[in-house]
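This report describes how a protein chain is arranged, moving from its interior to its helices, strands and aromatic rings. Please keep the sequence and the structure in view while reading.

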Amino acid sequence: MFLYPFLGMKYFCESTALCFLLALAFTKQPGAALRLTARTLWLTALSAGLQTLTHYLCICLIPENTFVYRYIFWNLATLWGFWRLRLHRELPFASVMISYLLITDQFCQIFATYIIFYLRSNMLFVTEFGLAESLISTGIIWLCFFAMSWLAMRCAREIRSLLVTEAIWINVFIWCFLLIAVLLSRYFMQAQDHPLITVVIFALSLVEMALFFGSSMRIVRERDLGIEQARLNQQYALQMQHADEINALYQELRQIRHETKNQALYVEHLLKEKNYAALEAYYRDLLEQTSPLLHSYDSGNRLVNAIVWAKLRAAERCGIPMEVRAAVPENLPIKGHHLCSMLVNLLDNAIEASAHVQVPAVSMTLQMKQNYLFCCVANRIDEDVLLQNPELKTTKQDRLAHGFGIQSVKMIAELYDGITEFTTENGHFLATVMLSCGAVAQE
């Protein structure tokens with residue numbers, strides 16, 4: 001009489017715990033994960049009701065035990081719905097965490113079942129559990145499951161994302177654990193000769209599951225550390241490049257200052273002689289020799305001015321014409337290093353790509369469009385690069401130390417609820433980025 005209400009409460013608690021742990025894997029903060037789960041209690045309550053109803057119908061209509069399949073199906077649907085409603089990010093990582101939590105929980109269910117079976121060796125079918133056995137089984141399940149989940153959270157605490165290939169292989173191995181568990185449970189349920197050996201085998205399977213997941217997360221963490229080190233090396237090289245540009249600017253300004261003194265003396269001599277024709281000719285010659293970059297350039301933002309000036313100088317040294325149209329406010333709600341990284345990466349890629357074009361040209365448009373910062377960098381191309389390299393992967397030999405420019409731009413766009421688009425049009429490659437100036441980036 002009391003079995004089905006008990007099962008409904010048990011399913012509700014287990015579904016809620018699964019959602020909480022999934023949220024914790026993303027947020028890394030128990031408070032935030034608890035709030036997300038509390039906002040979706042209606043989903044876990046619905047899942048518990050459907051699980052209880054399915055359990056009753058299967059006992060009445062299907063004589064065979066289908067508990068594993070029912071449990072996996074409903075909780076998988078619950079976790080997927082929770083991810084779509086509250087998290088909706090990092091699908092590869094979410095798939096691995098969902099699989100791990102589900103399969104670990106199922107292992108704990110089977111493990112607890114065989115412990116009860118070992119204690120009650122005269123029982124022919126595990127479906128004959130009463131309320132006392134269910135209470136003991138539930139206690140064992142939760143104890144083992146939360147211990148395994150705690151280890152998983154520690155292993156994944158520094159993991160932010162997974163590659164698709166990594167997620168696929170980890171998922172394949174995790175679901176293979178479930179297949180092995182089902183096959184073993186069927187074999188031992190039919191034999192029922194060595195219940196203690198069965199308990200030991202499933203205990204070792206839980207340990208193996210934890211070791212596999214921990215090892216997988218360690219491999220991913222080492223890969224992330226390698227990428228981060230390469231990113232730091234790239235940033236250091238970029239800083240050194242800017243230092244060289246600043247040093248060149250300083251030397252040029254010193255030369256201009258030195259020449260200005262001589263020019264002032266010559267102009268003073270022409271004025272005293274009242275030789276205005278020679279003075280006019282000298283002034284025209286001076287305008288032709290002076291670099292256009294020495295003329296004042298003001299976009300309205302000092303940081304943008306510095307970046308644009310440096311890249312104009314770099315393009316001029318490479319013999320690449322570069323046109324800039326920029327008009328932005330002095331105070332932007334975008335962090336300086338994010339704005340710098342976005343502009344530098346886009347302009348560097350355009351200048352570098354233009355070095356291999358017969359008639360190079362680079363242009364940049366930077367302006368406000370409603371509440372968005374709009375940036376479009378275009379460079380002329382001889383062939384459609386998107387056809388040859390649709391994912392815009394680096395073509396350099398040292399791929400570990402390169403290829404982070406586009407990734408960095410996309411990451412910055414995500415931080416500011418923006419968009420990125422890379423297209424080809426009329427012989428030009430266009431990189432378009434829009435950043436929401438109402439979004440607050442969180443790193």
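## Ile103 and the cores

Leaving out residues up to four places away in sequence, Ile103 touches Ile72, Ile174, Trp175, Phe177, Leu178 and Met209. The model in which these contacts are found is a predicted one. Ile103 also belongs to the largest nonpolar core, a set of 59 residues. Within that core, Ile103 is among the residues with the most contacts, together with Leu22, Phe82, Phe93, Val96, Tyr100 and Phe111.

Several helices contribute to this core. At least two residues come from each of H1 (3–27), H2, H4 (67–87), H5 (91–119), H6 (131–155), H7 (164–191) and H8 (195–273). Helix H5 gives the most, with 17 residues. A second core, separate from the largest one, has 39 residues, including Ile334, Leu347, Leu415 and Tyr416.

## The chain as a whole

The protein chain contains 13 helices and five strands. Of its 443 residues, 42% are buried. Many contacts join parts of the chain that are far apart in sequence: among contacts with a separation of 6 or more, 75% are between residues 24 or more positions apart.

## The two sides of helix H2

Helix H2 covers residues 30–38, and its buried residues are Ala32, Ala33, Leu36 and Thr37. These four lie on the same side of H2, because the arc they cover around the axis is only 135 degrees. A general rule of helix geometry is helpful here: an α-helix has 3.6 residues a turn, so residues three or four places apart point the same way. On the other side of H2, the exposed residues are Pro30, Leu34 and Arg35.

What is the relative accessibility of Ala33, one of the buried residues of H2? The value is 0%, so Ala33 counts as buried, the cut-off being under 20%. When neighbours within four places in sequence are left aside, Ala33 is in contact with Phe20, Ala23, Leu24 and Thr27. Ala33 and Leu22 are eleven residues apart in sequence, and their C-alpha atoms are 8.2 Å apart in space.

## Thr40, after helix H2

Thr40 lies in the loop between H2 and helix H3 (41–61). Is this loop residue buried or exposed? Thr40 has a relative accessibility of 2% and therefore counts as buried. Apart from neighbours within four places in sequence, the contacts of Thr40 are Phe82, Leu85 and Arg86.

## Strands and their loops

Strand S4 (residues 419–425) and strand S5 (residues 428–436) pair in the antiparallel sense, over seven bridges. Thr424, for example, has Phe429 in S5 as its bridge partner. The two strands form a hairpin with two residues between them. One residue in the turn is Asn426, which has a positive phi of about 55 degrees although Asn426 is not a glycine. With a relative accessible area of 71%, Asn426 is exposed.

Gln370 is found in another loop, between strand S2 (362–369) and strand S3 (372–380). Gln370 is not a glycine, yet it has a positive phi of about 55 degrees. Its relative accessibility of 82% is over the cut-off of 50%, so Gln370 counts as exposed.

The residue before this loop residue takes part in an arrangement with a ring. The charged end of Lys369 sits over the ring of Phe374, 4.0 Å from the ring centre.

## Aromatic rings

How many aromatic pairs does the structure hold? There are ten aromatic pairs. A pair of aromatic rings is described by the distance of the centres and the angle of the planes. For Phe145 and Phe146, the distance is 5.7 Å centre to centre and the angle between the planes is 65 degrees. This pair is edge-to-face, because planes over 60 degrees apart are counted in that way.

The two partners differ in their exposure. Phe145 is buried, with a relative accessible area of 3%, whereas Phe146 is partly exposed at 38%. Elsewhere, ring pairs link Phe107, Phe173, Phe177 and Phe212 into a cluster. Phe177 in this cluster is also one of the residues that Ile103 touches.

Definitions and conventions
Residues numbered from 1 in each chain as written. Predicted model: local features only at pLDDT ≥ 70, side-chain atom pairs only at ≥ 80, totals over all residues. Heavy atoms only, no water. Phe/Tyr/Trp six-rings, centres within 6.5 Å; stacked < 30°, edge-to-face > 60°. Buried < 20%, exposed > 50% of the residue type's maximum accessible area, 1.4 Å probe, protein only. Lys NZ or Arg CZ within 6 Å of the ring centre and 35° of its normal. Arc of directions from axis to C-beta. Pairing = 2+ DSSP bridges. Contact = heavy atoms within 4.5 Å. Core = buried A, V, L, I, M, F, W, Y, C linked by side-chain atoms within 4.5 Å.
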